[in-house]
Amino acid sequence: MWGELIQEIRVAQTGVQILFGFLLTVVFTPRYARLEDVDQVIYIVTVVLGACATGALIGPVSLHRLVSGRRVKPQAVQWASRLTVVGLLLLLATMTASLLLILRVATHDAFVPYLVAAVVAWYGLCWFILPLWTRRRYTSQ
């Protein structure tokens, strides 16, 4: 289970790190100073969410390294799995806030919240609802 979990984390971790890296550069662009106050707040919240998601998704690696050889692999897998779920939720929040900010700056249209909500619903379906439905449908646990 540990090997599968680490592979899953690699995918999510790469995505959040790329997104986080791009987010870090925004504040250094000339356009940042011209953003509305609400957009600057959305940006700050997005960066903090991205940092938290990165921490949660890197956490299992640190956990493994610090408890390796201590005969607590079942507990380590359980905690790493929990950190991964928290990381995915934080990644969802980061993606949502990023999309909201980008669409607000790019369009200034009233449909932005609806479009963001639709994308969040899509993420929810792909990341949580379908896996949970599959687990319930095809397993006895």
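Is Arg104 buried, partly exposed or exposed, and what is its relative accessible area? In this predicted model, Arg104 is partly exposed, with a relative accessible area of 25%.

## Annotated transmembrane regions

An unreviewed UniProt entry assigns the feature "transmembrane region" to residues 12-29, 41-63, 83-105 and 111-133. For residues 12-29, the model gives 83% helix and 0% strand, and the end C-alpha atoms are 27 Å apart. For residues 41-63, the helix content is 100% and the strand content 0%, with 33 Å between the end C-alpha atoms.

## Salt bridges of Arg104

Two salt bridges are found when the whole structure is searched. One of them pairs the side chains of Arg104 and Glu36, at 3.8 Å from N to O. This contact links distant parts of the chain, 68 residues apart: Arg104 belongs to helix α3 (residues 73-107), whereas Glu36 lies in the loop between α1 (2-26) and α2 (37-67).

Arg104 also forms a salt bridge with Asp39, in which the closest N and O atoms are 2.5 Å apart. Here the contact runs from helix α3, which holds Arg104, to helix α2, which holds Asp39, and the two residues are 65 residues apart. Through shared partners, the salt bridges join Glu36, Asp39 and Arg104 into one network.

## Solvent accessibility within the network

The acidic partners of Arg104 fall into separate accessibility classes. Asp39 counts as buried because its relative accessibility is 2%, and the cut-off for buried is under 20%. Glu36 is partly exposed, with a relative accessible area of 42%.

Definitions and conventions: Residues are numbered from 1 along each chain as its sequence is written. This is a predicted model: local features need pLDDT of at least 70, side-chain atom pairs count only at pLDDT 80 or more; totals for chains, interfaces and linings use all residues. Side-chain values use heavy atoms; hydrogens and water are left out. UniProt positions are given in the numbering used here, feature names are shortened, and annotations may be inferred rather than shown by experiment. Helices (H or I, at least four residues) and strands (E, at least two) are DSSP runs, numbered from the N terminus. A salt bridge is a side-chain nitrogen of Lys or Arg within 4 Å of a carboxyl oxygen of Asp or Glu. Buried means under 20% relative accessible area, exposed over 50%, partly exposed in between (1.4 Å probe, protein chains only).
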